[in-house]
Amino acid sequence: MAALEGFPERIEQLPIFCTGIYVIPTIRQNTTSPVIRLIHSIVSSSVPHPGAAGESGTGTGSRPGSVPDRSASVVNQSRRSLDGGSATPGTQLFRSVQPSAMPDIGEPFVEPREDAKDKIQFAVNNLSQSNLEEKTKEVAKVLQPKHYAWFSQDIIVKRASQEPNYHSLYQQFVDALESPLLNKCILRETLSSVALLLNAESTTSSSRDRGYLKNLGAWLGGITLARNQPILRENVSFKDLLCEGFEGGRLLVAIPFVCKVLEQAGRSTIFHSPNPWLMSIMGVLAELYVTANLKLNLTFEIEVLCKALNLDVKEIVPTTLLSSKARGAVDSLTMDMAQVSIGGNGGRMSVGAGTPGPYGPSNSVIQMPTLTGNDINVDILGVLAQHALFQAADALFTQQPTMKKVFYMLMERMIREIIPIHVARSIYVAVSCTRDTIQKDFCGEPNEEHVHRAAQVMARGLAGALAVSLCREQLKNKLYLTMREFLIGHSIPEQTANNIAVGLVADNLDLACAIAEKESIERASIQIDTLLSDAYIARKRTRERTGQPYYDIARYGRLVYPQDFPDVLKVRLNGLQPGHLRVYEEFTQIPHFFSQIHNAVPGVAAAPMASALSQ
């Protein structure tokens, strides 16, 4: 409760966390706390409520002005994969694309009757420049506003995403219908389809789905930028989208989409250089072009965009958004943690603003380490040679032994490219949280061995778990794409290459993550001891010189508790009780890998997989 009350303004940003914590009976039964009431409202609003049956074949029970349930109709089922293919919903990595709410027309959006639907689709299927006016009149007679949601899906899913050569014709057709409401529905459906494809796992591996996404990007730019209409930041934040793609290892998806949208600005009289909105996005693309070590096809996308906009990529000033955003996000998180008091209403302790002890400042400023691939201390090739598995490619590597060596080199290169930033983040967050927590909880603990032990298990446990969770998805995607391209480049059939690449990643993903885990644990262990060395020395020397226990009275005096905070949880000046110390020992049981979850033995520590690398 005390922790929840420390950051009420951020709880609304964490609906999944709220849903998880609300299952705790004591939390759910507490009706007096404002923060619990806030969580209750968030959880209630996120639970879908079934409606009554709709009036048409959709059977969605939609409220007036709401969108029919996408899983209910045949059209919406096909929408999940634009042509019934492989586009499966993935994790919501891209949150920068947010469609607007459906407009309220005073009645539910429904599908037209079958005869009306057939007339509309027949007219659109036979649409051409010569009969545009005639077909528009035919459709206008049967198309009603309540059908716009269905019609928008039909235009976007079945046509705009797959027929880029007819974009201009379809745009003229929609314009000829002269309905601002339809234009809003078309834009919303475009953004919904874009969000689906951006977050679909299959888009990373399927060139067809990436083609659909690029077509929708060109369509989106064509109905907005090319007509001097802005794309609102609340709908698409292109800079954030590129950052999300960079951080999630999905630039293969993000860059082509952004470039296709912006290419349409070449037809605009407003959105051209030196338009600040356009050039700020181009600055991020230039930063990626210069620093992200992009594959040739992605650099080509940016160069084609620059040509369409009459720009020279080498003359665009790159931003520092990607590097500063990564550092700033972790800085903000750590500062928030450091500034929240136990009770959330006083006793705030800032990073770098600690009270000097008898042996120097107890809080020195923590900087996020800057690591490169060459800074990784783990012998990656040695680890791969000893522990890598090749069940999926055993026959291939037996026939062509040199390919195994190339596999080692490719995997080492990918690991050195990907894990440094994630290792740096995990160390920074782990040691920052550990230092602040230890200094608070152990200000009344005179035994430096207890302080040292708790600091070590917490820092190592957090650093290892964070490193694995941060780099796992990016390693998975990058290793798969790299192995697949390598195999196809050596004349392996595409389907076989896909299967082997998937198998190699499945066999060795945990090993790659374990390398990141080991590097993070070892560095965090050294750094936390450096940060807390004054605390260790103060306790030891005070005991040796005076025979009295050492207490951090200044920090102890700044602790503030809520009115109903249990006495058993309060820090006391007689050292931590065994139950309190056991909380820190629990950090040794944090599972970092799925295999540790499935094979966990109650009460037995889940040793980091990194420990096996040194065996």
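The legends below describe close-up views of a predicted model.

**View 1. Helix H22, residues 533–546, seen along its length.** The helix has 14 residues, which at 1.5 Å a residue should span 20 Å. Its end C-alpha atoms lie 20 Å apart, so the expected span and the model agree. Glycine 547 follows H22 and has a positive phi, near 75°.

**View 2. The buried and exposed faces of H22.** Tyr536, Ala538, Arg539 and Thr542 are the buried residues shown in this helix. Because they cover an arc of only 165° around the axis, they lie on the same side of H22. Glu544 and Arg545 are exposed, on the face turned away from the buried side.

**View 3. Packing of H22 against helices H20 and H21.** The buried residues of H22 pack against H20, which comprises residues 448–489, and against H21, which comprises residues 494–531.

**View 4. The largest nonpolar core.** This core contains 142 residues, of which Phe151, Met282 and Leu475 touch the most other members. Helix H20 gives the most to the core, contributing 17 residues. In soluble globular proteins, nonpolar side chains tend to be buried together.

**View 5. The surroundings of methionine 282.** With residues up to four places away in sequence not counted, methionine 282 touches Leu262, Leu305, Cys306, Leu309, Leu311 and Ile316. Met282 itself belongs to the largest nonpolar core.

**View 6. A second nonpolar core.** Separate from the largest core, this set has eleven residues, including Leu4, Cys18, Ile21 and Val43.

How values were computed
Residues are numbered from 1 along each chain as its sequence is written. This is a predicted model: local features need pLDDT of at least 70, side-chain atom pairs count only at pLDDT 80 or more; totals for chains, interfaces and linings use all residues. Side-chain values use heavy atoms; hydrogens and water are left out. Helices (H or I, at least four residues) and strands (E, at least two) are DSSP runs, numbered from the N terminus. The expected span of a helix is 1.5 Å times one less than its number of residues. Buried means under 20% relative accessible area, exposed over 50%, partly exposed in between (1.4 Å probe, protein chains only). The arc is that of the directions from the helix axis to the C-beta atoms. Contact means heavy atoms within 4.5 Å. A nonpolar core is a set of buried Ala, Val, Leu, Ile, Met, Phe, Trp, Tyr and Cys residues joined through side-chain atoms within 4.5 Å.
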